[in-house]
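Student: I should like to look closely at one part of this structure, namely a sheet and what surrounds it. Could you please take me through it step by step?

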Amino acid sequence: MTNTAYGFDYLIVGAGFAGSVLAERLASQLGLRVLIVDKRPHIGGNAYDKYDDAGILIHPYGPHIFHTNSAQVFDYLSQFTKWRPYQHRVLASVDGQLLPIPINLDTVNKLYGLNLTSFQVEEFFASVAEKVEQVRTSEDVVVSKVGRDLYNKFFRGYTRKQWGMDPSELDASVTARVPTRTNRDDRYFADTYQAMPLHGYTRMFENMLDHPNIKVMLNTDYREIVDVIPWTHMIYTGPVDAYFDFKYGKLPYRSLHFEHQTFMQDEFQPVGTVNYPNDYGYTRISEFKHITGQKHDATSVVYEYPRAEGDPYYPVPKPETQEIYKLYEAEAKQLDNVTFVGRLATYRYYNMDQVVAQALTVFGKLRAKHEGLLQE
Ligand code: FAD
Ligand code: UDP
């Protein structure tokens, strides 16, 4: 790869995890010149955080809790941030009570007024579980484990709200994100590493992008500069269908409307997130101080209202969308000088750590290609 005087080796579209990890690796490990552009006025993508008017650290795009089983991912990010250990807890508002979700021993005992042991709750689940020949849908996953009543109370309404469709229409992978437990473990995640960046995500991203070979351009759609500024290779992390001008049709990306509120009280709710599977237009309320550990007299929360239209947040995992995505993916593979990375560009319902892992894998391949070119 050659540098023109004012050109870049890499044009990176999107300054979220996918784009920022690759910018950092390409600049610091290979000494390449990187221009990273984002159409938003900030870095960090959906993980961006900031202090609101009350001085409380909030996540404008909804609560982001870091968790991973990958030592490689955790060690990598640890170069750019210190951590505050945090284990997320979620309660679901069901039948007038706040009950632990993922469903565990206490959920069942409190909901039905029982006093079962772990062993007995296993028998209980076995007695109410529905036999499903092949677990294909998000309904199958839940009813085959905990039966129809728990499914109706905790999953059906939430999923219909969140995705605008019935769980029977969605891939199993969606509700399979939430396990079922027979013990009293009430943590939302069970991963080895669970922690929040000590000074927030944005500070971590600033540290990643703080390199003389990286130039950051915000408030810029890449289309405004793609034909003006010389570059050799593109990393694209936006929606894949938009890149190809929707030639195979629009891929659905589920969106959310976020309503942020600040209350002049120390605490709004007992845990970081409360889910509302059956009432209201929102799916959940998250209170940031629980998540960040910040001390403050006031408290800020966010309500999430699912939407079909708006900024793209979630790929919609179902067979019909996979068919469309495969068409885009095939086209993407034909392009030698563009690499598609991240949740929107590879249409995968990835958590942050999975995006980091994917970006590090892509970097390994780009490095091999680059070193091959140098040897020629
Ligand atoms: P993004 O962060 O979406 O970055 C893509 C960037 O590309 C955006 O900034 C966008 O502005 C930019 N872009 C797009 N098109 C263009 C263009 N034409 N020109 C210039 N720029 C462009 N994960 C977890 O691990 N834990 C959580 O608790 C968690 N909570 C979440 C809660 C919500 C409400 C949502 C929506 C997601 C959550 N995630 C969570 C997932 C996490 O947000 C993603 O895995 C991660 O942020 C994806 O990073 P990315 O770089 O692939 O995409
Ligand atoms: N889900 C549900 N009830 C809950 C929590 C989750 O039905 O109380 C389902 C819902 O379909 C949701 C999916 O499980 O979209 C994944 O939940 P997760 O909390 O992982 O969603 P995310 O944080 O990614 O929005």
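Tutor: Let us begin with an open sheet of seven strands, whose order is E8-E7-E13-E14-E15-E12-E16, with mixed pairing. The model in which we see it is a predicted one. At the edges stand strand E8 (97–101) and strand E16 (314–315); each has a single partner strand, so one side of each is left without a neighbour in the sheet. As background, strands of a sheet pair through backbone hydrogen bonds, either parallel or antiparallel.

Consider next the pairing of strand E7 (residues 90–94) with strand E13 (residues 273–275). These two strands run parallel and are joined by three bridges. To locate the pair in the view, find Val90, which stands opposite Thr273 in E13.

Helices lie against this sheet. Helix H3 (residues 105–112) packs on it and touches E7 and E8; the direction of H3 makes about 155° with that of E8. Helix H5 (138–163) lies across E7, E8, strand E12 (253–263), E13 and strand E15 (299–307), and it runs at about 100° to E7.

The loops around E8 also deserve attention. In the loop between E7 and E8 lies Asp95. This residue has a positive phi of about 50°, although it is not a glycine. In the loop between E8 and H3 lies Pro102. A cis peptide bond, with omega about 0°, joins Ile101 and Pro102.

Helix H5 leads us from the sheet to ligand 2. Around this ligand there are 13 residues, of which Phe155, Tyr158, Thr159, Arg177 and Asn275 come nearest. The elements that give two or more residues to this shell are helix H5 (138–163) and helix H6 (172–175). H5 gives the most, with five residues. Sorted by class, the shell around ligand 2 has eight nonpolar, four polar and one charged residues. Strand E13 of the sheet covers residues 273–275, and Asn275 is among the residues that come nearest to ligand 2.

It is useful to place this part within the whole chain. The chain is divided into domain 1 (8–82 + 194–248 + 314–375) and domain 2 (90–175). Their centres, taken over C-alpha atoms, are separated by 34 Å. Four residues of domain 1 are in contact with six residues of domain 2. On the side of domain 1 that touches domain 2, the residues divide into three nonpolar, no polar and one charged. A database record offers another division: in an unreviewed entry, UniProt lists residues 153–349 for "domain: UDP-galactopyranose mutase C-terminal". Over residues 153–349 the chain is 27% helix and 24% strand, and the end C-alpha atoms are 24 Å apart.

For comparison, let us turn to another sheet. Five strands form an open sheet in the order E10-E2-E1-E11-E17, and here the pairing is parallel. Its edge strands are strand E10 (214–217) and strand E17 (338–340), each of which pairs on one side only. Neighbouring strands of this sheet are turned by 20° against each other on average, direction ignored. Within the sheet, strand E1 (residues 8–13) and strand E2 (residues 34–37) run parallel and are joined by four bridges. Here Tyr10 stands opposite Val34 in E2.

There is antiparallel pairing to examine as well. Strand E5 (residues 67–68) pairs in this sense with strand E9 (residues 193–197) over two bridges, and His67 stands opposite Gln194 in E9. Strand E6 (residues 83–85) also pairs with E9 in the antiparallel sense, over three bridges. Trp83 has Pro197 in E9 as its bridge partner.

Finally, we come to ligand 1. This ligand has 33 residues around it, and Gly14, Gly16, Gly45, Gly238 and Gly342 come nearest. Helix H1 (17–30) and helix H12 (352–375) are the elements that give two or more residues to this shell. By class, the shell around ligand 1 has 16 nonpolar, 11 polar and six charged residues.

To return to your request, the sheet with which we began has mixed pairing, and helix H5 lies across several of its strands, among them E7 and E8. The same helix, H5, gives five residues to the shell around ligand 2.

Note on methods
Residues are numbered from 1 along each chain as its sequence is written. Chains are lettered from A and ligands numbered from 1 in the order in which they are written. This is a predicted model: local features need pLDDT of at least 70, side-chain atom pairs count only at pLDDT 80 or more; totals for chains, interfaces and linings use all residues. A residue is near a molecule or strand if its C-beta atom, placed from the backbone, lies within 6 Å of it. Ala, Val, Leu, Ile, Met, Phe, Trp, Tyr, Cys and Pro count as nonpolar, Asp, Glu, Lys and Arg as charged, and the others, Gly among them, as polar. UniProt positions are given in the numbering used here, feature names are shortened, and annotations may be inferred rather than shown by experiment. Two strands pair if DSSP finds at least two bridges between them. Two residues are in contact if their C-beta atoms, placed from the backbone, lie within 7 Å. Axes are lines fitted to C-alpha atoms, for helices over the stretch in contact, and angles run from 0 to 180 degrees between N-to-C directions. Domain bounds come from an automatic or database domain assignment.
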